[in-house]
Amino acid sequence: VVEKGYKLVMPNAFTPNNDGINDSFAPVFQGLNNVTLDIYDTWGGIIYTETGVNIHGWRGKIKDLDAENGNYYFRITAKTFYNHTITEKGSLTLIK
């Protein structure tokens, strides 16, 4: 079996209501290093960024205030085991 050398799953919605289920928007991955998660608002302004090996995720806050329901966009950039840079982009929905 020949594979990509990594696995990456991105959710498409989350509910930051502190019930312990889907409270943050974060990737689930294996075989990736130097991961950077960027979250953008509808107008393309960056509202959240996080870099590291363990990504905790966006908890639905913009400048310490609760973000509005709606659509946002993400970009994740990382290095694979083979030192290739991968970039995934997509949309997500914040549901209150």
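## A walk from the largest pocket to the aromatic core

The largest pocket of this predicted model holds about 150 Å³ of space, where a pocket is an open set of points on a 1 Å grid over the protein atoms alone, each fitting a 1.4 Å probe and having protein on both sides within 12 Å along at least five of seven lines. Grid points are joined across faces, edges and corners, and the volume is the space filled by probe spheres set on the points. The residues lining this pocket, meaning those with an atom within 4 Å of a point, are Pro 16, Asn 17, Asn 18, Arg 59, Gly 60, Lys 61, Asp 66, Ile 95 and Lys 96. They divide into two nonpolar, three polar and four charged residues, with Ala, Val, Leu, Ile, Met, Phe, Trp, Tyr, Cys and Pro counted as nonpolar, Asp, Glu, Lys and Arg as charged, and the others, Gly among them, as polar.

As the model is a predicted one, local features need pLDDT of at least 70 and side-chain atom pairs count only at pLDDT 80 or more, while totals for chains, interfaces and linings use all residues. Residues are numbered from 1 along each chain as its sequence is written, and side-chain values use heavy atoms, with hydrogens and water left out.

One of the lining residues, Asn 18, sits in the loop between β2 and β3, the strands being DSSP runs of E of at least two residues, numbered from the N terminus. Asn 18 has a positive phi of about 60 degrees although it is not a glycine, and its relative accessible area of 62% makes it exposed (over 50%, whereas buried means under 20% and partly exposed lies in between, with a 1.4 Å probe and protein chains only). Most residues other than glycine have a negative phi. Asn 83, in the loop between β8 and β9, also has a positive phi, near 65 degrees, and counts as exposed at 56% relative accessibility.

From here the reader can turn to the aromatic rings. The model has five aromatic pairs, a pair being rings of Phe, Tyr or Trp (its six-membered ring) with centres within 6.5 Å, called stacked when the planes are under 30 degrees apart, edge-to-face when over 60 and tilted otherwise. The rings of Phe 14 and Phe 25 have centres 6.0 Å apart and planes at 50 degrees, so this pair is tilted. It links distant parts of the chain, with Phe 14 in strand β2 (residues 13-14) and Phe 25 eleven residues away in the loop between β2 and β3 (28-30); both residues are buried. The rings of Trp 58 and Tyr 72, by contrast, have centres 5.1 Å apart and planes at 65 degrees, so that pair is edge-to-face. Trp 58 and Tyr 72 are likewise buried, and together with Phe 14, Phe 25 and Phe 74 they form one aromatic cluster.

Several of these rings belong to the largest nonpolar core, which has 20 residues, and in which Phe 25, Ile 39, Trp 58, Tyr 72, Phe 74 and Leu 92 have the most contacts; such a core is a set of buried Ala, Val, Leu, Ile, Met, Phe, Trp, Tyr and Cys residues joined through side-chain atoms within 4.5 Å. The elements giving two or more residues to this core are β4 (32-40), β8 and β9 (85-94). Leaving out residues up to four places away in sequence, Ile 39 touches, among others, Phe 25, Trp 58, Tyr 72, Phe 74 and Leu 92, contact meaning heavy atoms within 4.5 Å.

Definitions and conventions:
Helix = DSSP H or I, 4+ residues; strand = E, 2+ residues; numbered from the N terminus.
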